[in-house]
Amino acid sequence: MKFLNKIIDELLAQNNDLSQFNIILPGKRPIVFIRQILEDRQYSGFLPDFFTIEELIVKIVDQQIIDGISLWLFAFEVYKNLHLVPNDDFSEFLKWYPTLQKDWDDILKFSGSDEDVLQYMFDEERIKEWAQDLGDDEVPRKKFLNFWRNMNLFLPELKKKLQEKNWATPGMIHELAKLKILDFAKTSHENFVFCGFNAFTPVEEKLVRNLLQWDKAQCFFQADRYYFDDERQEAGKFLRNHKMWKEFNDSRSFHWIEDDFNQHKNINVYEVSGNVTQTKILPEIFKDINNKTFTNTAVVLLDENLLPATLDVMHEVENLNITMGFPLKNLSFSNAVKQLFYLQKQLEKNKTSYYYRDLFPILEELPKSDEDDQIIIHFKSRIEERNIVYISQKLLKELLGNLSYFKLLQKAESEYQFLDDLISFCRQIKWLQLDDIQYENISHFENAFRLIKNQITPYGFEIKMETLEILINQHINSESIDFIGEPLKGLQVMGLLETRLLNFENVILLSVNEGKLPLGNSQNTYIPFDIRRHFDLHTFLENDSIYAYHFYRLLQNAKNIHLLFNALSSGVNTGEKSRFITQIEMESRHQINHVIVENSSDPIISKPIEIVKSPIVIQQLSKWKEKVSASHLTSYLYNPIDFYLSKVLNTSETDEIEEELSIRNYGNLVHYTLQEIYENIKGKILKNSDLQNSIQQIDEYINIAIEKLKHQPEFYNKGMNFIHKAIARKVILNILNYDLELIKSGNTLEIIDIEKRFENIDFYLNKEKTDKVSFFGFIDRIDKLNGTIRIIDYKTAKTKNLTVKIDELNQSDYFQNSERKQAMQLCLYQYVIQNLPEFWGYPVETGIWSFADAKKGVVLLEFAQGNLDDAMISIQNLILEILNPDINFIEKSKSF
């Protein structure tokens, strides 16, 4: 820590007792390093006092600071009592006030008078000129005028009320300090040391300069000639101004301007395809660092969201210190709390039912006991089994009533009560077995809920759920989980601001992209750029200079520098490297090593899954031979691995909730409806009236089918499902009308059976008839048309390849093609029917009735070449292949 060492050397040369100094720092981070330096030098005296400059100003003013939620609530009460138009409620107030408050603090810190700025913003002539391109409609200009008219009343009144309470915002603290600094500088008997500062607010500058004038302070700056001497370099902008202070003269030099940046450095710039991919390069960079303790190495994350991915690749680093906090908003419990508030807002709109997607994330992400877990598993299985998209209040209570936090899932009695419920829940779940990060996450939320309740209760005004959500989010967005590590040993992981005053030999920066470094023109403000410049308020240009200084100062003492940026354009990221990298490339004399890292790889050559037919598999196949169905064989044709999973391992796909009716369930809806209709009229010669009555009752039969599917009737009341149901009804109507026309044309039609179950139909696999399988299954419909038995299978898809052409060349493997699966299934059914005594002596036809072309009727299986015996030889060979221990189950690649 070169800079800190120089400061300590200078101070010890002035006085062996450092307790005579007050050391003022930009942040708290360097204090631990200063203490270590003193320990290494065996300093045995009292330590100096340490302050940030903000703490020193607050000490001078000696006034209670108010900010955050406390200020918002107080400000809203002042605003409400003024009866301004529009008379915003608290939720509307929070949409604009936090941004206005930041602007007001800026005005108070940087301008001579906040009243002048406010009046200027209300200047109608200026606004006319500004709004001339908005067209003839004066509404935008009037709204803008009205807003600043209100602010000219509201903000002075707010300042007055705060002063009556002896409270002050950060901006007011600076305004009050202006009046007290001169007296403080004269009367103080302390000695102040300002270390490593770059930019000051006017009040901070006045404080430093007055203390310098009274010889009660000294300043140590860390500048470098590379950016200090060059007027074009924005990094030295503020330091060049400080050098011109009259307080720096022959008797008091400006310390220190170094010449370190131009010393030899190894600079590597990595163009990386992907954000998280940047972290994958870290292990390779670590290999080139000689000191494997990484004591003098810093990884600087300009995107805090990269912290988890960065830690994942650092598992082999023995000593690691994380200075930056991890945002609470990115953790699972935070997401669950957001979902809880969203659920409450949805319940305000619809108090009768719950959308399943509003519930499932909460149940998945909230910590739960083993008892709760079992309740949730049962609940999800029931909902998925019945495909319930909208869950009634009654069903929810029936299934989740015993859940420990069931109260949170109900409409809150009041927002205040909901806060109490959340506090109670957080207190309760902290007793569960949680990891440290989750425990901290919950604790932060519990404290936030308590803080907000304690803050809003005294005011007693009505608060909406949306308002409560905004308060929680605003508070949590500024909170982070701090990590405990070894700050003086090992690898340091930090943000850019945490590097102030610190120096490292090896520096690795991630996300060195434009928009991340510097942030660019991304200020959230109501004050236009020209007015900020007019009143000397900071703009994005000053912020860019500040970030430039932090960047160059970090690099000036480093020897090995690695700058990574994400070259992919996605979302708000433009894929553009920071202009600071371009500046170094174009302006510095350093040799830059450029590395392009593609987030790609050679095509993955994956071998198809192959399952060996072990003795256990053969044993399972022996059991399968007792019940072989046509669907088993088609499953094998599609993909042998699917057959293995479902028929050998007996696994099944998990149920998933369908918001839109799937093709499979659409087919089931039609199928079940036809089953119910024809079940009531089977066993007799059909008359016109039988089918006409069925047509009239078609909606009743569809509802029965919906119950059979375990779907809720309201599932079909709107959207695409309403259309699917209408299409299904039309298909069923076409099938009934087709049969009706057959009868009207003089044909004799009798429904013999529906969903005919068959089993134990033997099929021999060898001539000796010592090896066999037994067919089983269900035939959708068997009828008799003019004396001919028809075996009918319903299909959602269109009919395909029902004309069989078998000869000696293709007889052995004709049905090894999945494109002929429909014909294979019909051949198997025809074989079964011929083996059932009740159908002996009748001519038999087999066919498919496609729902996709219902008006066409039954499309029959035809043998253009060969016969059923030839077809069964091909089916026999297919079964023998499945049973053959030497032929493994090999995955078939699916083409799309």
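## A five-stranded sheet

Five strands line up here as an open sheet, in the order β20-β21-β22-β24-β25, and the pairing is mixed. At the edges sit β20 (749-764) and β25 (858-860), each with pairing on one side only. Going from one strand to the next, the twist averages 40°. Keep in mind that this is a predicted model.

Some background on that pairing: strands in a sheet are held to each other by backbone hydrogen bonds, and they can run parallel or antiparallel.

## The β24-β25 end

Let's look at the edge strand β25 and its partner. Strand β24 (residues 844-850) connects to β25 through three bridges, and the two run antiparallel. If you want a spot to check in the viewer, find Ile848, which stands opposite Val859 in β25.

## A helix across β20 and β21

Over at β20, there's a helix to look at. Helix α34 (residues 868-883) lies across both β20 and β21 (772-785). Relative to β20, helix α34 runs at about 55°.

## Cysteines, but no disulfides

How many disulfides does a search of the whole structure find? Zero. A disulfide is a covalent bond between two cysteine sulfurs, and the cut-off used here is 2.5 Å between the sulfur atoms.

Take Cys195: the closest cysteine sulfur belongs to Cys219, and at 8.7 Å it's too far from the sulfur of Cys195 for a bond. Cys195 also counts as buried, because its relative accessibility is 1%. Cys426 is buried as well, with a relative accessibility of 0%.

Key: Residues numbered from 1 in each chain as written. Predicted model: local features only at pLDDT ≥ 70, side-chain atom pairs only at ≥ 80, totals over all residues. Heavy atoms only, no water. Buried < 20%, exposed > 50% of the residue type's maximum accessible area, 1.4 Å probe, protein only. Pairing = 2+ DSSP bridges. Helix = DSSP H or I, 4+ residues; strand = E, 2+ residues; numbered from the N terminus. Axes fitted to C-alpha atoms, helices over the stretch in contact; angles between N-to-C directions. Contact = heavy atoms within 4.5 Å.
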